Amino acid sequence: MYSCNGRPYLPQLAEQSGTWFRDVREPSNTRRALPRFHTPGGLLNLLERDRENADKLLKQEPFGYLRLREYQQNAILATEHALAHGTRSALLAMATGTGKTRTIIGLMYRFLKTERFHRILFLVDRTALGDQAIDAFNEAPLEQNQTLSKIYNVAELGDMAAEAETRVQVATVQAMVKRIFMNDQPPPIDQFDCIIIDEAHRGYTLDQEMTEGELATRDASQYLSSYRRVLDYFDAIKIALTATPAKHTSEIFGKPVYTYSYREAVADDWLIDHEPPIRYETLLTQEGIQFEKGKPIEVINTQTGEVDTTELEDELRFDVDAFNRQVINENFNRVICEQLAEELDPFGDEKTLIFCATDLHADMVKRLLDDAFKALYNGSYNQTAVAKITGKSDKVNQLIRRYKNERYPNIAITVDLLTTGIDVPKICHLVFMRQVRSRILFEQMIGRATRRCDEIGKTVFTIYDPVDIYAALAEVNTMKPLVRDPNISLEQLVDELTDEHQLENALNSPGEQQGKSQADVVLSQLSQKVMRVLRKAETKAENKPVLKQKLDDLHSLWGVEPNKLHEHLHMLGPREASAFLRQHSGLIHQLAEVKQLVGSERMPVISDHDDEIRERSQSYGVHKRPEDYLDSFNAFIKEQINQSAALAVVVNQPSDLTRQQLKDVKVLLDNHGYSEANLQSAVRNHTNQDIAASIIGHIRRAALGEPLKPFEQRVADAMDRLYTQHDWTPNQRKWLGKLAKQLTKEVILDRDTVNQLPAFQGGAKQLDKVLGEQLDSVLEELNEAMWPPKSA
C-alpha cells in the first residue's frame, strides 16, 4: 500500500513528504518512507519472500561448518534475533581484529541459504577495504569447504552491472553515489534488500536540519550526507559494523545489538595487549619551541609548497602538541628516528606502522629513518625495508599488498590511509609522530596492532609515543557527534540573490527571525563569507604590496572599501544588494584572486632549534617506577584472594581452572590496571630479565612467592614428564609433539582448546583416537605438571 504527494522525503516534514509504503499482510508492519516506488519485480519478490519461514530456518540452521568463535556466533544470533523482531537496522560493535568480516560472511551465507534476503550490498568506504573483503569471500571456507564466492555469484568492485544471478555486490560508497545520484538511469530502490556497512563510524554522519526558509528555497540534498543518502535510497535492512561506535553511529543505526570489546577479546586471548607506551622526552618536548618578537622566520606556503620569510609581530611558542603540524623541526624528527633505529629491526619479521602529520612530514621521516638505519648497519641496510604508504604514494594498493604479504617493507610510514580497516597481523610496533584529538580515531589506529600472529610468536605490541598522545587524549572524554554542515558556496549565495525567480521565492519565505525573510538569511551568509576573505586580506596587505594594490583597485571599482563591503551589502538589503551584485558580476572571480594573493592561513613554521634525547621511559598509570607497580600488584592479589573464587583457584588449584574463571580473573585485574603485558614489562624493566610468564605465573608469584618461569618452558617441562611416564608409539609421540607446539599460547588445556587448534583438523575426537583414547588423562597430567597445586 502506497501514499504519496510527489514531494521528496524530508525527515523534518515526514508527514508532508515522501513516498510512504506499508506491507499490510502483517498488522505489526509499520509504514516507512521511500524515495520512489518499487518496481513490479521488486514487489513480486516481496510477495514471494516468506520472512516467517526464513526466520524459522535460521533458528534450525547449524553453526558447526562455519567454524566460528563463540562471540562471533553470538553476534550472528543477536543480529538475527533483532531482525526477527522487526528491526530494520542493526549495529554490531566488535573490536578491531576480532573477525568482523568472518562473522559477516557467516551471517550473509545464512541469510542467502535460508532466503531471508535475495541480494546483499556490502558497502565499504575505500577500495582497499573492498579488495580485502573480496579476498575473504574467496578464501573463507563454508559448507563442504566451498567459499561464499563459489556458492553464490559475488559481484566485485567496479562490476556494477545488475545481473539477476548476483547475490552479493561489493561496492564503495563513492561508486554508489555516482551510480545513484549522477546517473540518468539510477538503480531501482529494491535492487538490494539488505545492506551491510563496513566501518560504519566513517562518513555516515548525521544530516543537517533545515530552516523553514531553506526548505522553501534550497535543494535538500545539500543538507544530507552523501553516504547517508545511499543508505536511505534502497528499501533495505541495514546491518552496520564498527569497532568504535560513536554517538552519531548509534543515532543512525540504533544502539548496538551486540558488543564485543577490545578488553574482552584480550581477556579471552583472541587479541594482543600492549605494554605501557614508551615515551621519548627530548629537549624540545620538555622546553617547547620559542621564537622571539621581531625575528624573521620561515614558513611553508601549503598552497604552493614554497618557503616564505616573514617577520613575527609577537612572540611565538609551540608545545609538543603542535609538533609536525604547526611547527616543523627536522632536528626533533632526527633524534626520534635515530632512537627508533636502535629499537626497531629493519630485517625482522615484526612490522612497524608510523603515523605522521602530513605527506611532507612522512617524506621527511622516511629520509631520516633511512639515514639512521644506514649509519647503524652501513652497507647491510636495505632501504626497501622502509616505505611511505599514503594517498599520494605511487601504486598505493600494490604497496599495501606488499606490506601485508611480503618481507619488505616491514616499516610503513602513513598519514591517514592505514589508520583504519587494513589487516596486517605482523604489526608489532606503532609509532605516533603526531597527536590526534579523536579518541575513536586513536582506538582505530591502536587496532592496527591488536591481531594475534602466532606465526611470528607475537604476544604483545609496543607503542612509541614521542608526541605525548596519551596525555593529550586524557582530556578527551567522549567523541563529539560529527554533523556535516551544508557546504553552501559563495557562487550559490550570489545566484540565490541575483536570479529573479530564486530571489522572489526567498523574499516570500520566512527567515530565522521574526519579520525577516530567507533572502535576509542568504544575504547575511554572503556577507559573512565576503567579510572573512576581505578582512584577512586587509591585515595581510601591509606586508604584501601586490595584495595592497589589488585591494586599492577593487576600492575604485566597487566604490566601497573592501574591508567594509560586507557592511555595505547588509545595509542595502536583499533587493538592492541583488542589483549591486548584478552590476559587479565579476565579484566572485575578484574574491578568488584576493584569496590566492592572501595565501593559506595555515602556514607551518620552520624551526632549526637543536634537539637531543633526554629520557626514554615507561610509566604504569599512577606508578612511575616498575617496582612500585609490582608492589601494588602483590598487595592487590593478597587482598583479593579471599574475595574472588576464581582468583583462589589460580592460587590453590590452577589445574582445575576453567576458561570462564580465567576470563573473570583477567577482567578483575584489568579493571584495576593490571594486565599480563604491563606485568611482563614491569618485571623486565625492574630485573632486566625478559620472562614471558603467563598471568597465572604472575599471580602465583605475588601470592606464593613462586619463581616466574616462561610459559613455553612450563609446557616443555610438562611434555618431557609426559614422554617419560608412558610408552608412546613413534606416531603418538609425533602427534604429542604437534600438541606441544600448539599449547605454548594456551593457558587452559581441555578438549575445547584442542578443537580450536589449527593443526588438528579432526579436533579432539581424532587426537583421542590416535592416543588410544587417553586424551583426557594426557590433558589432566599436563595441567598437573604445569601447575602443581599449592603445597600444604
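Which residue stands opposite Ala 90 in β9? In this predicted model, the partner turns out to be Ile 239. That pairing is a handy way into the fold, starting with the strand on which the question rests.

Strand β4 covers residues 89–94, and 5 of its 6 residues are buried, so the strand is largely enclosed by the rest of the structure. It has β9 as a partner, with 5 bridges joining the two strands, which run parallel. Strand β10 (residues 256–260) is a partner of β4 too, this time through 4 bridges, and here again the strands run parallel. Within that second pairing, Leu 91 sits opposite Pro 256 of β10.

Stepping back, the protein chain holds 33 helices and 23 strands. Of its 792 residues, 51% are buried. The C-alpha atoms fill a box of roughly 105 × 75 × 50 Å when taken along the principal axes.

Next come the charged side chains. Searching the whole structure turns up 46 salt bridges. One of them pairs Arg 32 with Asp 235, with the closest N and O atoms 2.7 Å apart. Arg 32 belongs to strand β3 (residues 32–34), while Asp 235 is found in the loop between α9 (226–233) and β9 (237–242), so this pair ties together parts that are 203 residues apart in sequence. What about cover? Buried means under 20% relative accessible area. Arg 32 has 19%, so it counts as buried. Asp 235, at 9%, is buried as well.

Another salt bridge links Glu 330 and Arg 367, and here the closest N and O atoms are 3.1 Å apart. This one runs from helix to helix: Glu 330 lies in α13 (residues 330–343) and Arg 367 in α14 (residues 359–377), so parts that are 37 residues apart in sequence get tied together. As for exposure, Glu 330 counts as partly exposed because its relative accessibility is 26%. Arg 367 is also partly exposed, with a value of 38%.

Asp 768 and Arg 751 supply a further example, their side chains meeting in a salt bridge at 3.2 Å, N to O. Helix α32 (residues 763–770) carries Asp 768 and helix α31 (residues 751–756) carries Arg 751, so the pair ties together parts that are 17 residues apart in sequence. The two ends of this bridge fall into separate classes of cover. Asp 768 is buried, having a relative accessible area of 13%, whereas Arg 751 is partly exposed at 30%.

Salt bridges can also be found joined up into a network, as with Arg 49, Glu 115, Arg 167 and Asp 193.

Finally, which residues make up the negative surface patch that includes Glu 139? Along with Glu 139, the patch is formed by Asp 135, Glu 156 and Asp 159. Glu 139 has its place in helix α5, which spans residues 127–139. Is Glu 139 buried or exposed? The label "exposed" calls for over 50% relative accessible area, and Glu 139 earns it because its relative accessibility is 60%.

Notes. Residues are numbered from 1 along each chain as its sequence is written. This is a predicted model: local features need pLDDT of at least 70, side-chain atom pairs count only at pLDDT 80 or more; totals for chains, interfaces and linings use all residues. Side-chain values use heavy atoms; hydrogens and water are left out. Patches are made of residues with over 30% relative accessible area and no salt bridge: like charges are joined within 9 Å, nonpolar side chains (Val, Leu, Ile, Met, Phe, Trp, Tyr) within 5 Å. Accessible areas come from the Shrake-Rupley method with a 1.4 Å probe; for residues, only the protein chains shown count as cover. A salt bridge is a side-chain nitrogen of Lys or Arg within 4 Å of a carboxyl oxygen of Asp or Glu. Lys and Arg count as positive and Asp and Glu as negative; His and the chain ends are not counted. The place of a charge is taken as NZ of Lys, CZ of Arg, CG of Asp or CD of Glu. Buried means under 20% relative accessible area, exposed over 50%, partly exposed in between (1.4 Å probe, protein chains only). Two strands pair if DSSP finds at least two bridges between them.
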